[in-house]
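Subject: Structure handover

Hi there,

Here is the structure I promised to pass on. Please open it alongside this note, and my findings follow below.

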Protein chains: 2
Amino acid sequence: MTRYPGQKRFLIAVDCIIFGFDGEHLKLLLIKRGFEPEKGKWSLMGGFVQSEESLDEAANRILRQLTGLEGVYMEQIETLGDPERDPVERTLSVAYFALIDIHQYETHISGEYQAEWFPINKYPKLIFDHSNMVESARKRLRYKASLHPILFELLPEKFTMPQLQYLYEDVYNATFDKRNFSRKILSTNLLMKQKDKDKSASKKGAFYYKLNKRRYNDNFDSFLKLIPNPDHLI
Amino acid sequence: MTRYPGQKRFLIAVDCIIFGFDGEHLKLLLIKRGFEPEKGKWSLMGGFVQSEESLDEAANRILRQLTGLEGVYMEQIETLGDPERDPVERTLSVAYFALIDIHQYETHISGEYQAEWFPINKYPKLIFDHSNMVESARKRLRYKASLHPILFELLPEKFTMPQLQYLYEDVYNATFDKRNFSRKILSTNLLMKQKDKDKSASKKGAFYYKLNKRRYNDNFDSFLKLIPNPDHLI
DNA sequence: TTAATTTGGTGTCTAAATAACACTTAATTT
DNA sequence: AAATTAAGTGTTATTTAGACACCAAATTAA
């Protein structure tokens with residue numbers, strides 16, 4: 001194999017910003033780093049890219065290691081490559097975000113990484129530049145969710161309108177009028193109202209909805225303008 | 001220096017998608033690759049990341065090598081890392097796009113790279129996955145320009161309303177009503193009408209406008225909704 | 001010098017989307 | 001039976017978008 005002479009080669013990591021939603025709040029899954037440096041500190045789940053895998057494959061592998069989940073919605077965000085970002089050796093890191101159904105995760109908890117969910121507005125100090133990655137991921141999530149129905153990836157098969165609204169409110173750190181909100185969501189025709197109710201959160205109970213998967217897939221890219229005036233988007 | 005043992009290290013390239021606008025059409029700056037493999041084929045301008053430079057620094061260096069320009073608007077798009085993307089040796093490439101004022105470039109032409117401008121809708125076959133990068137860059141440009149006044153980065157200090165409209169039309173591959181277009185652009189208050197006209201493109205001549213730089217910087221992130229219904233955005 | 005040609009520039013009206021706003025209903029608890 | 005709690009629903013005003021056509025300025029041709 002010919003090579004390009006005289007060029008430096010670098011370690012490549014993939015780090016995953018894993019989002020979940022517990023029915024009330026947007027959460028972030030963090031682990032305690034298992035090796036030096038910064039062993040025992042809070043960190044994103046990550047790992048090194050292997051010789052024969054693509055970046056997407058690495059991201060999926062790393063997510064699977066922690067959560068056991070496959071087929072999860074993931075998206076590459078950015079690559080950070082400051083020469084000083086890892087004190088041990090220069091390492092570039094490709095950040096991915098993942099949107100998982102937190103309930104599916106809970107059946108797969110692996111103690112190995114001492115993982116914990118943190119509220120997105122109150123997570124601990126992270127190693128290296130991982131906090132920057134989290135903030136980039138939040139920004140990207142807002143961007144994307146204002147135009148595409150991406151947040152349904154965080155929900156279980158059946159969910160209620162109040163839950164959906166809590167989710168949007170937490171993502172945008174804003175409050176919405178529930179009449180306007182449900183009208184807008186329903187106007188997308190992506191939801192199918194169920195006959196049964198979730199009675200765990202209130203006396204009256206809230207009707208369940210299911211996502212119409214076909215319409216969801218067909219319309220994913222069609223610019224739904226779910227958030228009308230997102231001043232939030234920076 | 002401690003090291004992470006047993007991990008593979010990779011070559012990292014930065015490739016630049018360089019956009020320009022000649023007053024009529026959106027253009028792409030390509031070079032003829034100067035070394036094997038694929039020597040002499042059309043390619044994006046790129047280079048390897050050096051030991052002590054960040055990715056942004058590498059991107060700026062590479063752009064400067066070709067154009068002589070500094071302080072140009074650049075944005076990281078994505079990192080491609082398929083194991084087979086470079087046949088010689090596994091190389092990851094971080095793609096950046098750059099928006100330059102084509103007129104400033106023209107004073108800096110360096111024959112070394114045999115660079116040429118191509119219309120964005122008619123550029124030659126490119127090496128490796130460079131065509132994918134170009135298409136990602138176009139998509140990102142549309143996304144960004146529908147929400148932020150980013151396209152002014154492509155224009156000279158003085159420009160006319162028809163030129164600006166040609167630019168938007170070429171980016172979105174669409175046509176707009178000129179009455180609605182100028183009303184919308186002017187409503188942003190980003191432009192200052194000049195007293196003189198550009199008479200090169202018509203008998204009547206079109207008034208020049210200048211960008212109000214202060215307002216531009218202040219409002220860059222404030223979601224201007226410049227393109228109301230961008231079905232185009234995928 | 002007059003007429004024709006070309007491109008620039010402007011205003012109104014209709015339709016659609018957004019935003020503000022308050023009461024009733026269902027079910028449980030007291 | 002009354003009180004409590006959260007869910008669910010409709011109307012109106014305002015704003016924004018979209019469709020649409022004529023006049024003006026300057027050069028070129030007759």
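A polar contact here is a pair of N or O atoms within 3.5 Å; within protein, one must be able to donate a hydrogen and the other to accept it, and residues adjacent in sequence count only if both atoms are side-chain atoms. By that rule, an N or O atom in the side chain of K204(B) sits 2.8 Å from a base nitrogen of DNA strand C.

Some housekeeping: this is a predicted model, where local features need pLDDT of at least 70, side-chain atom pairs count only at pLDDT 80 or more, and totals for chains, interfaces and linings use all residues. Residues are numbered from 1 along each chain as its sequence is written, chains are lettered from A and ligands numbered from 1 in the order in which they are written, and side-chain values use heavy atoms, with hydrogens and water left out.

DNA strand C

There are 23 residues around DNA strand C, and R179(A), K204(A), K178(B), K204(B) and F207(B) come nearest (a residue is near a strand if one of its heavy atoms lies within 4 Å of it). By class, they are 5 nonpolar, 4 polar and 14 charged (Ala, Val, Leu, Ile, Met, Phe, Trp, Tyr, Cys and Pro count as nonpolar, Asp, Glu, Lys and Arg as charged, and the others, Gly among them, as polar). Of the strand C atoms within 4 Å of the protein, 47% belong to sugar or phosphate and the rest to bases. The side chain of R183(B) also has an N or O atom 3.2 Å from a base oxygen of strand C. Helix α5(A) gives the most to this surface, with 4 residues (helices are DSSP runs of H or I, at least four residues, and strands are runs of E, at least two, numbered from the N terminus).

DNA strand D

Around DNA strand D there are also 23 residues, with R179(A), K204(A), F207(A), R179(B) and N180(B) coming nearest. Sugar and phosphate account for 46% of the strand D atoms that come within 4 Å of the protein. Two polar side-chain atoms lie by base nitrogens of strand D: one of K178(A) at 3.0 Å, and one of R179(B) at 3.2 Å. K199(B) instead places a polar side-chain atom 3.4 Å from a sugar or linking oxygen of strand D. Here α5(B) gives the most to the surface, with 4 residues, and the surface divides into 5 nonpolar, 4 polar and 14 charged residues.

Happy browsing!
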